[in-house]
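Reader: Please take one part of this model and look at it closely. I would like the aromatic side chains, with their surroundings.

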Amino acid sequence: DHINDLIKVIASHGRCFFKRKGVVAYMEKDRNGKVWLVDEYTKNRIYVAYEGHWYGFSHGGTMKALVERFYDYIKTGKPISVEQLA
């Protein structure tokens, strides 16, 4: 819930990343504990633990790195540090 709240904040400010035509991306866990991002543009469900190219992800490398930090937070509960974002 924390990450989806953060995604909504990001989608509501500045360049409105993670938002397109009123649709906001979100992250979810499936029943097996796998973490997915539902992309706001492509509507694809993207498995974020995959280390290669994310097919259907509509953003670039910087946003992918941010989503990877979101995944780390979801899996470990450890806050995201500024150093991790640099």
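Author: What follows covers the aromatic pairs, then the charges over rings, then the largest pocket.

The model is predicted. It holds 3 aromatic pairs. Take Phe18 and Phe70 as one of them. Their ring centres are 6.4 Å apart. The planes meet at 40°, and the pair is tilted. A stacked pair would need planes under 30 degrees apart, and an edge-to-face pair over 60.

Where do the two residues lie? Phe18 is in the loop between α1 and β1, while Phe70 belongs to helix α2. The pair therefore ties together parts that are 52 residues apart in sequence. Both partners are out of reach of solvent by the numbers: Phe18 is buried, with a relative accessible area of 0%, and Phe70 is buried at 1%. The backbone of Phe18 also deserves a look. Its phi is near 70°, a positive value in a residue other than glycine.

Trp54 and Phe57 form another aromatic pair. This one is edge-to-face. The centres are 5.2 Å apart, with 85° between the planes. Trp54 is buried, with a relative accessible area of 3%. Phe57 has 13% relative accessibility and so counts as buried, because the cut-off is under 20%.

Charged side chains also meet aromatic rings. The charged end of Arg45 sits over the ring of Trp36, 4.4 Å from its centre. Lys34 lies over the face of Tyr47, at 5.4 Å from the ring centre.

Back to the backbone for Lys21. Lys21 has a positive phi of about 50° although it is not a glycine. Lys21 is placed in the loop between β1 and β2. Is Lys21 buried or exposed? Lys21 is exposed, with a relative accessible area of 76%.

Helix α2 leads on to the pocket. The largest pocket has a volume of about 160 Å³. Two or more lining residues come from each of α1 (2-11), β3 (26-29) and α2 (61-76). Among the lining residues are His2, Met27, Glu28, Val35, Tyr73 and Ile74. By class, the lining has 5 nonpolar, 3 polar and 3 charged residues.

Past α2 comes Pro79, in the loop between α2 and α3 (82-85). Pro79 is exposed, with a relative accessible area of 67%. Pro79 and Arg69 are 10 residues apart in sequence. In space they are 9.3 Å apart, C-alpha to C-alpha.

Notes: Residues numbered from 1 in each chain as written. Predicted model: local features only at pLDDT ≥ 70, side-chain atom pairs only at ≥ 80, totals over all residues. Heavy atoms only, no water. 1 Å grid on protein atoms, 1.4 Å probe; cavity = no way out; pocket = protein on both sides within 12 Å on 5 of 7 lines; lining within 4 Å. Points joined across faces, edges and corners; volume = space filled by probe spheres on them. Helix = DSSP H or I, 4+ residues; strand = E, 2+ residues; numbered from the N terminus. Nonpolar A, V, L, I, M, F, W, Y, C, P; charged D, E, K, R; others polar. Buried < 20%, exposed > 50% of the residue type's maximum accessible area, 1.4 Å probe, protein only. Phe/Tyr/Trp six-rings, centres within 6.5 Å; stacked < 30°, edge-to-face > 60°. Lys NZ or Arg CZ within 6 Å of the ring centre and 35° of its normal.
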